[in-house]
Amino acid sequence: MIIETLLNHHPALSACKSDIEAARDLIIHTYEHGGRLLLCGNGGSCADCDHITGELLKGFLSHRPLSEADCMALAEALPEEESDPDLYLLAGQLQGGLPALSLPAQTALVSAFANDVDAALVYAQLVWAQGKTGDLLICLSTSGNSKNVVLAAKTARAKGMFTLALTGERDSELSHLCDVTVKAPSADTYRVQEYHLPIYHYLCAAVEEHFFGEPC
């Protein structure tokens, strides 16, 4: 998907065009070098983390059929007497996925660490446990100053991870910490969230097209 498609529908986002393109390129670079995405945010941004992972882990605009090599691997893994029906089901219905982890969805750890240690450190703990050098942490915060998200970004830097922030228009702690920051052109929380949706839909579509080709 070309970025002009996004900007035609949302002209105000022209102000952050170069940062959106940088975010796209950073995600592609992460995947091309064997990394995965970790995402964190609070409230509406927490829901956005789940939304983004849903677009990446399965087909978004493209069906993403499995490659011939993937189908052969599935065939070799199945017992010969079961191969026909199960192979048809698996090879015909599974889709290519791009690895992504929504940190807020780890509710058992989030609630336990908040109760037992410190709620401000729940995402930092998950980044420390799950992240590795070359992964990318995507931080969603309309203010750019959410303490638990900022601490996660600092932890990611210590782990040698890349960092990407989606924030509002104001300079923030995240904009000074992260490798790339996309500042939605508003300071109102609900408007920032409204802009974040088309931004990350574009990013997911562009990354999907890069790895799986244009939608059918």
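**Note on the predicted model: helix 10, the sheet and the cores**

1. At 1.5 Å a residue, helix 10, with its 24 residues, should span 34 Å, and its end C-alpha atoms are indeed 34 Å apart, so expectation and model agree. The model is a predicted one, and the agreement therefore concerns computed coordinates of helix 10.

2. Helix 10 comprises residues 189-212 and lies across strand 4 (162-167) and strand 5. Relative to strand 4, the helix runs at about 130 degrees. Just after helix 10 comes Gly213, whose phi is positive, at about 90 degrees.

3. The sheet against which this helix is placed is open and consists of five strands in the order 2-1-3-4-5, with parallel pairing. Its edges are strand 2 (100-102) and strand 5 (180-183), each of which pairs on one side only. From one strand to the next, the twist averages 15 degrees. In general, strands of a sheet pair through backbone hydrogen bonds, either parallel or antiparallel.

4. Strand 1 (residues 37-40) and strand 2 run parallel and are joined by three bridges. Within this pair, Leu38 stands opposite Leu101 of strand 2.

5. The largest nonpolar core has 35 residues, of which Ile20, Ile27, Leu37 and Leu164 touch the most other members. At least two residues of this core come from each of helix 1 (3-9), helix 2 (17-32), strand 1, helix 3 (44-57), strand 3 (136-140), strand 4, strand 5 and helix 10. Helix 10 gives the most, with nine residues. Nonpolar side chains tend to be buried together in soluble globular proteins.

6. Which residues does Ile20 touch, not counting residues up to four places away in sequence? They are Ile3, Leu6, Leu13, Val182, Ile199, Tyr202 and Leu203. Apart from the largest core lies another, of 21 residues, which includes Phe113, Val149, Ala153 and Cys178.

7. Ser175 merits a separate comment. This serine lies in helix 9 (residues 173-177). Is Ser175 buried or exposed? Its relative accessible area is 18%; because the cut-off for buried is under 20%, Ser175 counts as buried.

8. The surroundings of Ser175 can be described further. Leaving aside neighbours within four places in sequence, Ser175 is in contact with Thr181 and Lys183. A polar atom of the Ser175 side chain lies 2.8 Å from the backbone nitrogen of Ser172. Lys147 is 28 residues from Ser175 along the chain, and the C-alpha atoms of the two are separated by 13 Å.

Methods
Residues numbered from 1 in each chain as written. Predicted model: local features only at pLDDT ≥ 70, side-chain atom pairs only at ≥ 80, totals over all residues. Heavy atoms only, no water. Pairing = 2+ DSSP bridges. Helix = DSSP H or I, 4+ residues; strand = E, 2+ residues; numbered from the N terminus. Axes fitted to C-alpha atoms, helices over the stretch in contact; angles between N-to-C directions. Contact = heavy atoms within 4.5 Å. Expected span 1.5 Å × (residues − 1). Core = buried A, V, L, I, M, F, W, Y, C linked by side-chain atoms within 4.5 Å. Buried < 20%, exposed > 50% of the residue type's maximum accessible area, 1.4 Å probe, protein only. Polar contact = N/O pair within 3.5 Å; in protein donor to acceptor, adjacent residues only side chain to side chain.
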